[in-house]
Amino acid sequence: MISLIQIISTWTIPVLIAFIPLYASFRKIPVYESFIDGAKDGFQTAIGIIPHLVGMMTAISMFRASGAMDALIGLVRPLMESFGIPGDVLPLALLRPITGAGSLAFVTDLIKEQGPDSFVARIASTIQGSTDTTLYVLTVYFGAVGIRNSRYALKVGLLSDLVGFFAAVAACWLLFGLV
């Protein structure tokens with residue numbers, strides 16, 4: 001069974017890469033011209049989202065440099081630790097919705113510090129996979145298509161990140177217990 005999974009995982013991407021242009025050629029779609037048109041559109045989109053990215057990165061830097069993140073974590077740490085949530089993963093709850101690269105760097109540091117099989121590293125890795133970079137997604141994708149009023153998207157996205165955080169901690173407690 002494992003060898004079948006390895007074969008499928010090895011061949012899936014090459015087969016798709018070969019199949020898509022062949023299918024497009026069969027349907028008489030100009031493959032290269034379609035690719036160039038898509039690349040032009042992608043370039044315009046990238047240029048259009050740069051101001052949104054700069055604004056988001058500036059806000060993140062100000063939040064971290066001002067000490068607001070550390071102060072907020074210091075306030076909630078005793079409460080979270082009383083519920084069995086290690087204080088070492090609390091910064092991840094704030095970083096993950098904001099920045100994927102920053103949260104990945106934080107998880108990497110935790111794993112180096114605590115060890116890959118530690119309870120904290122397992123929780124951090126599960127949180128990393130269970131939550132999303134909500135503010136980044138809203139900034140980039142809503143900015144790219146020109147949506148100015150995100151309505152409920154921010155509230156729902158942050159709520160799902162919060163649920164993902166607590167679900168990740170609960171799953172680690174159920175699966176691994178205190179290692």
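# Notebook: a predicted helical model

I began with residues 47-147, where the chain is 78% helix and 0% strand and where the C-alpha atoms at the two ends are 16 Å apart. I chose that span because the UniProt record, an unreviewed entry, annotates residues 47-147 as "domain: Nucleoside transporter/FeoB GTPase Gate". I note here that the model is a predicted one.

**Confidence.** Before going further I looked up the pLDDT, which averages 88 over the protein, with 98% of the residues scoring at least 70. Among the elements, helix α6 has the highest mean pLDDT, 94, and helix α7 (residues 134-145) the lowest, 81. I keep in mind that predicted coordinates should not be read in detail where pLDDT is low.

**Annotated membrane spans.** The same kind of check went to the "transmembrane region" annotation, which the unreviewed UniProt entry places at residues 7-26, 46-63 and 156-176. For residues 7-26 I find 100% helix and 0% strand, with the end C-alpha atoms 27 Å apart. For residues 46-63 the chain is again 100% helix and 0% strand, and the end C-alpha atoms lie 25 Å apart.

**Aromatic pairs.** I then went through the rings, and the count came to 3 aromatic pairs. In one of them, F19 with Y23, the ring centres are 5.6 Å apart and the planes stand at 20°, so I record the pair as stacked, the planes being under 30 degrees apart. Both residues belong to helix α1 (residues 2-26), and at 4 residues apart they are separated by about one turn of that helix. F19 is partly exposed at 47% relative accessibility, and Y23 is likewise partly exposed, with a relative accessible area of 40%.

Another of the pairs joins F119 and W173, whose ring centres are 4.8 Å apart with the planes at 70°, so this pair is edge-to-face, over 60 degrees being the cut-off. It links distant parts of the chain, since F119 is in helix α6 (residues 119-130) and W173 in helix α8 (residues 153-176), 54 residues apart. F119 is buried, with a relative accessibility of 6%, whereas W173 is partly exposed at 35%.

**A charge over a ring.** I also looked up R122, and its charged end sits over the ring of F176, 4.3 Å from the ring centre.

**Salt bridge.** How many salt bridges does the structure hold? I find 1, and it is formed by the side chains of R77 and E81, with 3.7 Å from N to O. In general, side chains of opposite charge can pair when their charged atoms come close. R77 and E81 are 4 residues apart in helix α3 (residues 68-82), so about one helical turn separates them. Neither end is recorded as buried: R77 is partly exposed at 29% relative accessibility, and E81 is partly exposed at 42%.

**The loop after α1.** K28 caught my attention on account of its backbone, since its phi is near 65°, a positive value in a residue other than glycine. K28 is placed in the loop between α1 and α2 (31-65). Is K28 buried or exposed? At 73% relative accessibility it counts as exposed, because that value is over 50%.

**Contacts around T99.** I60 is found in helix α2 and is buried, with 12% relative accessibility. Leaving out residues up to four places away in sequence, I60 touches I98 and T99. I60 and T99 are 39 residues apart in sequence, yet their C-alpha atoms are 8.2 Å apart in space.

I met T99 again when I turned to T133, which lies in the loop between α6 and α7. What does T133 touch, once residues up to four places away in sequence are not counted? The list is R96, P97, T99 and G100, so T99 is a contact of I60 and of T133 under the cut-off of heavy atoms within 4.5 Å. T133 is buried, its relative accessible area being 9%.

Terms used
Residues numbered from 1 in each chain as written. Predicted model: local features only at pLDDT ≥ 70, side-chain atom pairs only at ≥ 80, totals over all residues. Heavy atoms only, no water. Phe/Tyr/Trp six-rings, centres within 6.5 Å; stacked < 30°, edge-to-face > 60°. Buried < 20%, exposed > 50% of the residue type's maximum accessible area, 1.4 Å probe, protein only. Lys NZ or Arg CZ within 6 Å of the ring centre and 35° of its normal. Salt bridge = Lys/Arg side-chain N within 4 Å of Asp/Glu carboxyl O. pLDDT = per-residue confidence, 0-100.
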